[in-house]
Amino acid sequence: MSQVPRREVFPPVDALQAELDRLAAAHAGLVKLRVIGTSRLGEPLRVLTVGDGSTDAVVIAGPHPNEPVGALTVTALIELLCQDAGLRADLGLRWHFVACADPDGARLNEGWYGRPGDRRAYVEHFYRPDLADQVEWTFPLVSGDYRFDRPLPETVALMRLMDDVRPSLVCSLHNGEYQGAFFYLNRRDNVLAERLSRLPAVEGLPLHHGEPELPGAEPIAPAVFLTPDGARVGRAFLAGGSSADYAGRFGALHLVTEVPSWADERVADQSAAGRTLGEVIAEGAAARRELVETMQESMRAVAGDLTVHSPFRRSTESALETFRKLAAIEEEAPAAVRLGRVATVAEEFSHRQALHLQRLRLLGVFLRMLDAELAAGNLTPAIRRSRRMLDERFEDWYGQAEADHPGPPIEPRRMVAVQLGAILTAAAHLRQRDVN
């Protein structure tokens, strides 16, 4: 982890592809670079392979395009493996790196990649597709009478790669915003979970002790959870399974790493907040209902005038439906949650920051949808009026979020170091198990 070089920015897609070319040329004979598919817009999807171990590991960066830290992790780990023959031999793996699983979506986020930690830049240039348009959540899924069999071209490329190498380890690299670091494992491995739980502290990153990302996720160790069942998530959101579901076909260990972009000690504060968790949840649910109603009203005001079928429009429409479904899942949480247990500071902080995030992300994409219309020359009164009104709402919500600022941004190098450490910890754990 200490060997991870300093990084100031996240690389745009073209720069990342050039870096892969440089690595392949610098380590010819050790590194193989090949195309495994094509994105929806025609971008080549490439995998870089290092080593000649007896078993295989697949590392997936950028499955969500607003989470680019994995690209830096991949290039740092490639360099480390190429330079350290002893490490390659000790781990006994052949490594396959997908440095950008969704290049089309990544290009729509590049406006903030050069300014990590700038919250305004992040939300003004933010893009995240609907679950059914996400590489991570469009793997084939059959669950009872529910079936999803519309994998994206990018997802098909990952499936083809896993079918080809039959991995024993699959790592999916993610980063969040205001929560602490946390992990998902697809098996209850207490030893590995405890080791992962200790890693973020090496770089001074707090663990996530607030509400789990998906309500009902089961903890194994502090900030380490069992991977949510793909059937439950896919059915609820009319999407597919995850890379964890597909990795399960090969009996592979699947690891998800989530590292924060901003640091705040409150995410790990287990002291009492002075309110019940039921009160915190109810307050957040009411605020989200207000958010969805505001956005739905704004959508109705311009729906008849929209002419551009932009990814921002699809994202906005689907996000509104996703928030509604998330609220329904929260309602299914155990009744004990609402019987008066005192919330921790971490839980209260988590809910409050989630609201700021949801407001700014949803409104930011909505404004990009309207800007696409204006750029196309669609200057109807309804679109111009909504753009002015929502710009004022954005400034209001952004001001509220800044007044409740979650602490300083985290240097990208530290996020990369934790992800790299987690991958190597999982790989070493598998190797030790095989030796035993």
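This passage looks at salt bridges in a predicted model, with attention to two places where charged side chains meet.

In total, the structure holds 29 salt bridges. A good one to begin with is the pair formed by Glu-203 and Arg-413, whose closest N and O atoms are 2.5 Å apart. Glu-203 sits in the loop between helix H8 (190-202) and strand E9 (219-221), while Arg-413 belongs to helix H15 (residues 412-435), so this contact ties together parts that are 210 residues apart in sequence. Both partners fall under the 20% limit for burial: Glu-203 is buried at a relative accessible area of 12%, and Arg-413 is buried at 16%.

The second place to visit centres on Arg-266, a residue that is partly exposed, with a relative accessibility of 24%. Its side chain meets that of Asp-264 in a salt bridge of 2.8 Å, N to O. Asp-264 itself counts as buried, at 11% relative accessibility. Arg-266 also forms a salt bridge with Asp-404, and here the closest N and O atoms are 3.8 Å apart. This pair links distant parts of the chain, 138 residues apart: Arg-266 lies in the loop between strand E11 (253-259) and strand E12 (272-276), and Asp-404 in the loop between helix H14 (381-403) and H15. Like Asp-264, which is buried, Asp-404 is buried, in its case with a relative accessible area of 13%.

These contacts belong to a wider arrangement, as Asp-264, Arg-266, Arg-352 and Asp-404 are linked in a network of salt bridges.

How values were computed:
Residues numbered from 1 in each chain as written. Predicted model: local features only at pLDDT ≥ 70, side-chain atom pairs only at ≥ 80, totals over all residues. Heavy atoms only, no water. Salt bridge = Lys/Arg side-chain N within 4 Å of Asp/Glu carboxyl O. Helix = DSSP H or I, 4+ residues; strand = E, 2+ residues; numbered from the N terminus. Buried < 20%, exposed > 50% of the residue type's maximum accessible area, 1.4 Å probe, protein only.
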